[in-house]
Amino acid sequence: MKPTNQPQVKLKGIEYLLLAIQSDPGKSQRHYLRRLYQYNHGVPSYNSGGTNNGYFTSQSYRGVLWYDTSYGQAKYECMMSVNSVFRSYTSSKGSYAYRSTCSAMRLTSRGHKRANEVRKKLGLEPIDLTAGMPAHANWV
């Protein structure tokens with residue numbers, strides 16, 4: 001068999017995002033989406049990571065596999081939101097919702113466990129979540 005520079009195991013988008021967040025936590029959603037685009041297409045993202053943002057708004061992933069630790073909140077006008085990730089409020093001036101100004105994504109314990117399964121699939125050692133953590137650390 002001829003050696004190649006291409007990986008022998010192709011990761012799904014969700015698997016790649018889990019590994020990216022596990023290896024470099026606390027970055028913005030756009031940062032991880034740019035990395036995912038480059039992984040899938042081999043070239044930098046032409047729209048700065050604006051594709052596949054459904055990974056970060058889906059109820060199946062957000063709050064289950066990862067969560068946002070940012071503190072800044074921005075108010076924006078919107079229609080009545082059907083997406084429960086962003087809470088909508090209605091006032092006499094219209095509808096508005098809040099979202100973080102710049103996200104800082106981290107894995108939940110379930111996301112960390114799933115990322116370690118992907119690491120095993122690639123032949124890498126799993127990362128111990130509690131190694132070096134203080135005894136009082138809380139996990140989502």
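This is a short tour of a predicted model, with stops at Ala104 and at helix α4.

Start by selecting Ala104. You'll find it in the loop that links β4 (94–100) to β5 (105–107). Is Ala104 buried or exposed? Its relative accessibility is 15%, and since anything under 20% is called buried, Ala104 counts as buried.

Now show what surrounds that residue. Setting aside its neighbours within four places in sequence, Ala104 is in contact with Gly26, Lys27, Tyr67, Asp68, Thr69 and Ser70. Pick Ser70 from that set and put a distance label on the pair: the C-alpha atoms of Ala104 and Ser70 are separated by 5.3 Å, although the two residues sit 34 residues apart along the chain.

Next, select helix α4, residues 109–121. A quick sanity check on its geometry: at 1.5 Å a residue, these 13 residues should span 18 Å, and the end C-alpha atoms are 19 Å apart, so the two agree.

Colour the buried residues of α4, namely Gly111, His112, Ala115, Asn116, Val118 and Arg119. Look down the axis and you'll see them on the same side of α4, because they cover an arc of only 155° around it. What covers these buried residues of α4? The cover includes α1 (13–23) and β5, so turn both of those on as well.

Then swing the view round. The face of α4 turned away from its buried side carries Arg110, Lys113 and Lys120, which are exposed.

Last stop: follow the chain out of α4 to Gly123, where phi is positive, near 85°.

Methods
Residues numbered from 1 in each chain as written. Predicted model: local features only at pLDDT ≥ 70, side-chain atom pairs only at ≥ 80, totals over all residues. Heavy atoms only, no water. Helix = DSSP H or I, 4+ residues; strand = E, 2+ residues; numbered from the N terminus. Buried < 20%, exposed > 50% of the residue type's maximum accessible area, 1.4 Å probe, protein only. Contact = heavy atoms within 4.5 Å. Expected span 1.5 Å × (residues − 1). Arc of directions from axis to C-beta.
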